[in-house]
Amino acid sequence: MIRRTESLLVETVCRILIPLIQLFALYVIVHGHYSPGGGFQGGCILGASFILMVIAYDIRWMKHRFSEKKNTLMVALGVFIYSLIGFICIFLGAEYLNYGIFHRILPVDVAKARSLGILAVETGVGITVMAVMVSIFLNLTTYGKHEKGEV
Amino acid sequence: MKIFAIIIVILTGAVLIYSTFDMPDWGNPNSPASVHVSPRYIEKTIEETATPNAVTSVLADYRGFDTLGETIVIFTAAIVCILLLRREDDKTH
Amino acid sequence: MEILIGKYNYWIYIGLMMIGFYAMVAKKNLVKKVVGMNIFQTAIILFFISTSYKKNATIPIIIKSQEVIEPIQYINPLPHVLMLTAIVVMVSTFGVALAVIVMLYKQYKTLEEDEIIEILKDKK
Amino acid sequence: MGEHSSILVVVISLIASITNVFIALVRKSLCYPFFVFILGICFLLSMDILYTVINFGTVKYKLGGWMPPWGIEYVVDHLNAFVIAIVATISFVVAIYAKESIKKEIAKPRLPYFYSTYLLLVAGLIGIVITGDIFNLFVFLEIASLAGYALIAIGEKRSVLASFNYIIMGTIGACFYLLGVGYIYIITGSLNIADLTRLLPPLYESKVTLAALAFFVIGVAIKIALFPLHRWLPDSYTFAPSAVSAFASATVTKVGIYVLIRISYTLFEPRFLTEITPLSTILVWWATIAIFFGSTIALGQIDFKRTLSYILVAEVGYIVLGVSLGNKEGFIGAVLHILNDAVMIACLFMIAGGLFYRIGRRNLTDFTGLKKYMPITMTAFLVTSLSMIGVPPTAGFFSKWYLILGAIRAEQWISASALIFSSLVNAIIFFKLLEKVYFSKKEAIPKYNFRELPLSMLTPIVLMGLAVLVLGIYSGKIISTVIEFTVPKGF
């Protein structure tokens with residue numbers, strides 16, 4: 001039960017554009033080691049794709065794809081990943097957020113372990129930023145109702 | 001009220017301009033900020049973190065706790081928006 | 001004259017900052033206040049970023065094949081990192097401020113500060 | 001956990017606020033027990049830190065394993081550990097109190113998010129205090145501020161406008177602080193406090209250092225509501241939910257004062273404030289004016305919470321005065337007053353919240369004849385009021401004694417008289433109230449449902465009332481084990 005928008009043009013363009021935007025966002029997140037980019041930037045782009053979905057179609061259609069419960073879960077999940085990685089470092093016997101210690105459990109040297117740690121952390125940041133963007137946008141534009149209409 | 005505001009703004013501006021005379025020039029490679037802590041990040045980033053992008057390695061590793069803090073800040077913003085605005089009484093499906 | 005040209009980045013940020021600060025203190029419309037807050041914070045970000053610049057240097061992504069890495073060839077990454085944090089903080093503050101403004105609008109049906117104060121006085 | 005407790009005290013409350021969101025999705029009734037449990041752990045960890053610092057000296061913790069000027073470092077000395085213990089204790093006690101009082105003031109579906117935000121405020125405040133890096137301090141300052149804005153905005157109707165004003169003022173303060181950080185960074189290139197202490201002395205003559213100090217002080221002065229910049233405080237704490245007023249009023253301003261102490265005496269040397277810049281003299285006068293005005297305005301208020309807010313403005317003046325007097329007695333008095341004032345203000349705000357809980361009002365006239373109906377609460381109120389006035393065996397007497405001694409030793413006669421004046425004002429306000437409570441012939445208006453508070457609200461109030469007495473009796477011991485060591489060198 002998807003309600004179509006009035007403009008066929010907007011719908012078709014968004015249908016093509018949104019997956020590309022999301023793909024690009026993932027590229028920005030994972031390629032942060034070698035080029036400008038990283039969790040925040042990628043997360044913002046990813047969040048923007050969902051916001052575009054809301055603007056081009058409507059909220060119900062977007063929530064059909066990405067429910068509020070999932071969104072709230074993801075807001076917390078990203079930060080949780082980040083802080084959990086810090087805790088794993090403590091359990092392995094190093095300081096909080098000292099990713100170098102991962103070389104004990106992974107078959108890599110210290111520098112590479114740090115690189116992997118950065119990647120994991122950036123992923124967490126990306127998830128949180130994406131979900132937060134969507135959450136703030138929905139709450140602000142609909143006065144917290146998550147539905148079309150007046151105040 | 002407007003005059004009061006203008007006075008405050010001009011006072012702040014005066015302090016800012018006054019202090020600018022002792023600041024290093026724009027783009028000076030020998031300014032203290034460029035020689036004290038930051039060179040290590042540029043020199044050692046590949047060796048220590050296997051990440052060529054120094055901004056990423058500083059962001060997520062050398063100063064990783066700041067980044068945790070900022071992720072928490074944005075998490076706070078989301079929680080605050082839900083706390084203040086979200087009303088569950090209307091059923092959405 | 002040399003001071004004017006050599007430090008022109010500082011003059012720009014000072015100007016921006018005073019505009020933002022004035023809007024925050026003097027404007028009566030709540031959204032204008034928050035926009036002023038944003039300009040103010042952007043000015044600070046501009047200040048930090050301009051301190052990181054070195055003449056004839058490039059972005060801090062180190063070329064792997066290089067034998068000796070000279071810090072002078074790359075701009076200072078630290079202010080960029082700090083400002084990434086500050087931008088996120090700014091966005092969050094902006095979000096919270098807007099949420100509070102939405103609540104205020106729901107209560108008073110206006111965004112002008114003096115009108116709200118007027119309504120509060122009438123209630124008393 | 002030993003060596004890791006300094007980081008755990010921050011991270012556990014952060015993770016708990018995240019986990020709380022998960023729990024809320026599964027089962028909402030579990031949120032509150034979890035919330036109190038976590039704050040209990042934080043309390044124990046803070047005591048562990050205090051114990052370690054007292055017995056083994058300064059604790060350092062390198063985050064991410066990087067050496068200090070490059071990575072972020074936690075440095076815990078006596079002053080930090082002391083303030084952390086205060087924040088953790090008050091947050092725990094108020095959390096117990098919050099259960100009943102918040103149920104009446106906030107809609108039920110919002111409760112889990114309220115607990116999350118409260119935990120974020122605690123984490124932010126402890127993070128500010130514990131860190132040894134000026135930029136990390138800014139990040140946690142923002143966490144604490146954002147959580148604070150929201151907690152205030154969910155109060156009564158008027159609280160939203162108060163919260164908006166707080167956002168504008170608070171952001172100006174935080175931005176000024178950030179600008180100060182930028183100025184320090186541009187002339188030294190470092191962000192670590194210990195490193196800066198070494199780098200800054202040759203730069204004391206620089207205009208940039210002066211401007212940085214000015215921005216730091218003004219930014220922090222907004223956050224602690226020092227007199228002309230106090231405009232956000234009375235409205236915010238009057239209309240916020242009672243549990244939030246109790247916690248925030250007791251800790252937010254105190255943490256701000258901690259930042260002021262750190263900046264003025266650790267980042268810079270004491271001689272920079274007294275000989276090179278006239279900052280200590282300015283602060284002494286500024287604080288004196290704050291005491292006079294705060295006390296005077298407090299006299300004319302009707303709402304009990306608003307009265308307390310203005311008294312708080314005056315109390316902030318006390319502590320800033322003690323810090324900037326520049327002698328040992330004043331400084332000891334100030335640090336001791338951070339503790340005593342946190343306990344007293346939290347207790348009084350909780351009593352105000354209790355009154356509001358029972359009768360939905362909290363004007364000064366509502367206290368009439370309360371001894372009959374709320375005997376235990378009113379006993380705690382009696383003890384705390386005597387302490388606010390400064391009657392000997394209670395805690396308030398000792399800190400005020402040291403502050404006045406310090407003012408006399410620094411030959412600041414006007415400041416000393418301001419302290420005495422403020423005590424007199426407190427005496428007028430609280431004796432009037434006590435008279436209403438204990439000796440009023442008039443009956444309490446019968447239509448109200450006057451009863452003793454529920455146990456979960458009564459226990460924290462009684463605990464704080466007892467603490468006022470106990471802290472008074474053991475103040476000598478507290479000074480000799482902790483506060484003696486916080487006095488900066490050169491005093």
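A residue counts as buried here when its relative accessible area is under 20%. With that cut-off in hand, the predicted model can be walked through piece by piece, starting with its rings. Tyr237(D) has a relative accessible area of 1%, so it falls well within the buried class. Trp232(D) is buried too, at 2%.

These two residues also bring up the aromatic pairs, of which the structure holds 47 over all chains. In the case of Trp232(D) and Tyr237(D), the ring centres are 6.0 Å apart and the planes meet at 85°, so this pair is edge-to-face. Some rings gather into groups that cross from one chain to another. One aromatic cluster takes in Tyr10(C), Tyr13(C), Phe21(C), Phe40(C), Phe47(C) and Phe48(C), together with Phe176(D), Tyr183(D) and Phe215(D).

Rings also turn up underneath charges. Arg40(B) places its charged end over the ring of Trp70(D), at 4.8 Å from the ring centre. Within chain D, the charged end of Lys104(D) does much the same job of covering a ring: it sits over Tyr357(D), 4.4 Å from the centre.

Next come the salt bridges, and the count over all chains is 17. One of them joins Arg362(D) to Glu156(D), with 3.0 Å between the closest N and O atoms. Arg362(D) belongs to the loop between α14 (328-359) and α15 (375-389) of chain D, while Glu156(D) belongs to the loop between α5 (134-153) and α6 (159-188) of that chain, so the bridge ties together parts that are 206 residues apart in sequence. The two partners differ in how covered they are: Arg362(D) is buried at 6% relative accessibility, whereas Glu156(D) is partly exposed at 27%.

Another bridge links Glu269(D) and Arg271(D), whose closest N and O atoms are 2.9 Å apart. Here Glu269(D) is partly exposed, with a relative accessible area of 26%, and Arg271(D) is partly exposed as well, at 37%.

Glu329(D) and Arg409(D) meet through their side chains in a further salt bridge, at 2.8 Å from N to O. Helix α14 of chain D carries Glu329(D) and helix α16 (residues 395-409) carries Arg409(D), so this pair ties together parts that are 80 residues apart in sequence. Glu329(D) is partly exposed at 22% relative accessibility, but Arg409(D) is exposed, at 54%. Salt bridges can also share partners, and in that way Arg63(B), Asp66(B) and Asp133(D) are joined into one network.

The helices show both covered and open settings. In chain D, helix α1 runs over residues 5-26, and its 22 residues should span 32 Å at 1.5 Å a residue; the end C-alpha atoms are 30 Å apart, which agrees. Of those 22 residues, 20 are buried, so α1(D) is largely enclosed by the rest of the structure.

Chain A offers a nonpolar patch on the surface, made of Leu9(A), Val13(A), Ile16(A), Leu17(A) and Leu20(A), with about 490 Å² of accessible area together. One member, Ile16(A), lies in helix α1 (residues 8-30) of chain A and is exposed, at a relative accessible area of 54%. As background to the spacing of such residues, an α-helix has 3.6 residues a turn, so residues three or four places apart point the same way.

A couple of backbone oddities are also worth a look. Leu97(A) has a positive phi of about 70° even though it is not a glycine. Leu97(A) sits in the loop between α4 (68-91) and α5 (110-141) of chain A, and it is buried, with a relative accessible area of 2%. Lys109(C), likewise not a glycine, has a positive phi of about 60°. This lysine, Lys109(C), is in the loop between α4 (77-108) and α5 (113-123) of chain C, but it counts as exposed, at 53% relative accessibility.

Finally, there is a contact to trace in chain D. Glu435(D) is in helix α17 (residues 413-439) and counts as partly exposed, at 47% relative accessibility. Its C-alpha atom is separated by 9.3 Å from that of Phe367(D), a residue 68 places away along the chain.

Key. Residues are numbered from 1 along each chain as its sequence is written. Chains are lettered from A and ligands numbered from 1 in the order in which they are written. Side-chain values use heavy atoms; hydrogens and water are left out. Rings of Phe, Tyr and Trp (its six-membered ring) pair if their centres lie within 6.5 Å; planes under 30 degrees apart count as stacked, over 60 as edge-to-face and the rest as tilted. Buried means under 20% relative accessible area, exposed over 50%, partly exposed in between (1.4 Å probe, protein chains only). A charge sits over a ring if NZ of Lys or CZ of Arg is within 6 Å of the ring centre and within 35 degrees of the ring normal. Patches are made of residues with over 30% relative accessible area and no salt bridge: like charges are joined within 9 Å, nonpolar side chains (Val, Leu, Ile, Met, Phe, Trp, Tyr) within 5 Å. Accessible areas come from the Shrake-Rupley method with a 1.4 Å probe; for residues, only the protein chains shown count as cover. A salt bridge is a side-chain nitrogen of Lys or Arg within 4 Å of a carboxyl oxygen of Asp or Glu. Helices (H or I, at least four residues) and strands (E, at least two) are DSSP runs, numbered from the N terminus. The expected span of a helix is 1.5 Å times one less than its number of residues.
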